[in-house]
Amino acid sequence: MIQPFFSICIAAYNSGGSIVECLCSITMQDCQDYEVIVVDDGSRNPINIDDSVAARLSSFSLRRISNRGPYAARQVAFDIAQGEYILCFDADDKLLDSSALSELKSVLTNHDVDIVIYNASASEQEPRRLFDFSSLGESGFVDERAIWRLFTEGYSLNSLWCKAFKRSLYTRDVKKRPRLLMAEDRLQSLEIMRNASTYWLLDSVLYFYRPAPTSTTGGRFDPAYYHQACYVEEEVFSYMMEHNMGVGPWARYYLEFTSRALLGIRYNGTLSWAARRDVYESVRNEKVLALAQSLHTRDSLPWVDAFRLLLLRAGYFAALDVSLLPWQVGSILKRFVKNFISNIRG
């Protein structure tokens, strides 16, 4: 087979219904210079693609593996890929416009960059930019330092499905990774971006991201997700240290994420008070959290987040549990907490 320009890699789990729409959006592209690789990550009902759909794709392959999570499934797809550039899709998402691949190919052919970053929308009817890339400037070449600032200070560049990258950037990491269901995109983005040097911003909405209530990020927050994210942040932090990057903004980002994670733990209805208390203790003991707490300035965090983390660090888990209740439970409690924070800062 002649080398395709794009390898479109799709890690799929229990996506037999939605993946057809994803594949059909590829068949409608005016650029047909691609191969599609679907890796079925041990779905309970194995994914089968109708022959009529597969026949409309320029090239299609389906690989089945035991369930190992999306990180490992994508690695399998990357190992199979033959294209010059790789695109990653979630199985329930799709391309929004029939010219999406040709737009990307035009940029990559004319400018020979390592990575093109593009935007997505969470609405198919009214496409609006999902990510704020304003700090990167206008569409065109982007300074590498600006890319790393945006990546380390937030989540806007976490997703693999907002990047087209040279296949040569992927090298299978020798480390044995745990099964990751949270922040695996961030880890794989880090592994790819650390080998890149040239970036292009195509700030067009090319991709439809379908918010799914049953997904890892949309469903009930499992405490294990937080610890998986901590594992990834240790990698991010190590990279920042190796390259002498400023870590203060990263610390703020991660502490705010921790505050939201505590909220998710509080409202996980399967956890009793005793179970939540044990989880709070395990969160408090994360080394990367202690690093983040030592690196940020107290005034850099919103007061609600600062208060939650203060209670967590002090081991006041019952008070933390109460502080995570909706503020609608009473303005008296809200005023009390505000006064308490003011006194501490004073």
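1. Helix 6 (residues 184–193) passes helix 7 (residues 223–242) in a left-handed crossing, a term used when the near helix is turned anticlockwise from the far one by less than a right angle, while a clockwise turn makes the crossing right-handed. The model is a predicted one, in which local features need pLDDT of at least 70 and side-chain atom pairs count only at pLDDT 80 or more, whereas totals for chains, interfaces and linings use all residues. Residues are numbered from 1 along each chain as its sequence is written, and side-chain values use heavy atoms, with hydrogens and water left out. The helices named in this note are DSSP runs of H or I with at least four residues, the strands are runs of E with at least two, and both are numbered from the N terminus.

2. Two packed helices are described by the angle between their axes and the distance between the axes. For helix 6 and helix 7, the axes come within 9 Å and cross at roughly 25 degrees, which makes helix 6 roughly parallel to helix 7. Here an axis is a line fitted to C-alpha atoms, for helices over the stretch in contact, and the angle runs from 0 to 180 degrees between N-to-C directions. Angles under 35 degrees count as roughly parallel, those over 145 as roughly antiparallel, those from 65 to 115 as roughly perpendicular, and the rest as oblique.

3. Which residues make up this contact? On the helix 6 side they are Arg186, Leu187 and Leu190, and these meet Tyr231, Val232, Glu233, Glu235, Val236 and Tyr239 in helix 7, where contact means heavy atoms within 4.5 Å. The residues of this contact divide into six nonpolar, no polar and three charged. In that count Ala, Val, Leu, Ile, Met, Phe, Trp, Tyr, Cys and Pro are nonpolar, Asp, Glu, Lys and Arg are charged, and the others, Gly among them, are polar.

4. Helix 6 also packs with helix 3 (residues 70–80), at an angle of about 40 degrees and with the axes 9 Å apart. That angle makes helix 3 oblique to helix 6, and helix 3 passes helix 6 in a right-handed crossing. From helix 3, Pro70, Tyr71, Arg74, Gln75 and Phe78 take part, and they meet Glu184, Asp185, Leu187, Gln188, Glu191 and Ile192 in helix 6. The residues of this contact comprise five nonpolar, two polar and four charged.

5. Two glutamines are worth comparing with the terms for accessibility in mind: buried means under 20% relative accessible area, exposed means over 50%, and partly exposed lies in between (1.4 Å probe, protein chains only). Gln75 in helix 3 has a relative accessible area of 8% and is therefore buried; not counting residues up to four places away in sequence, Gln75 touches Tyr170, Arg172, Asp173 and Gln188. Gln228 in helix 7, at 14% relative accessibility, counts as buried too, and, leaving aside its neighbours within four places in sequence, Gln228 is in contact with Arg179, Leu180, Leu181 and Met182.

6. Helix 8 (residues 248–266) and helix 9 (residues 273–284) pack at an angle of about 165 degrees, with their axes 10 Å apart, which makes helix 8 roughly antiparallel to helix 9. Their crossing is right-handed. The contact brings Thr258, Leu262, Ile265 and Arg266 of helix 8 to Arg276, Val279, Tyr280 and Val283 of helix 9, and its residues divide into five nonpolar, one polar and two charged.

7. Turning to the strands, is strand 8 (residues 163–166) covered on one side or on both faces? Both faces are covered, since Lys163 and Phe165 on one side, and Ala164 and Lys166 on the other, are all buried. Strand 8 has three bridges to strand 4 (residues 85–90), running antiparallel, and it also pairs with strand 6 (residues 115–121) in the antiparallel sense over three bridges; two strands pair if DSSP finds at least two bridges between them. Phe165 stands opposite Ile86 and opposite Ile115, while Lys163 stands opposite Ile117.

8. Strand 6 has seven of its seven residues buried, so it is largely enclosed by the rest of the structure. Seven bridges join strand 6 to strand 9 (residues 199–208), and these two strands run parallel, with Trp200 in strand 9 as the bridge partner of Val116.
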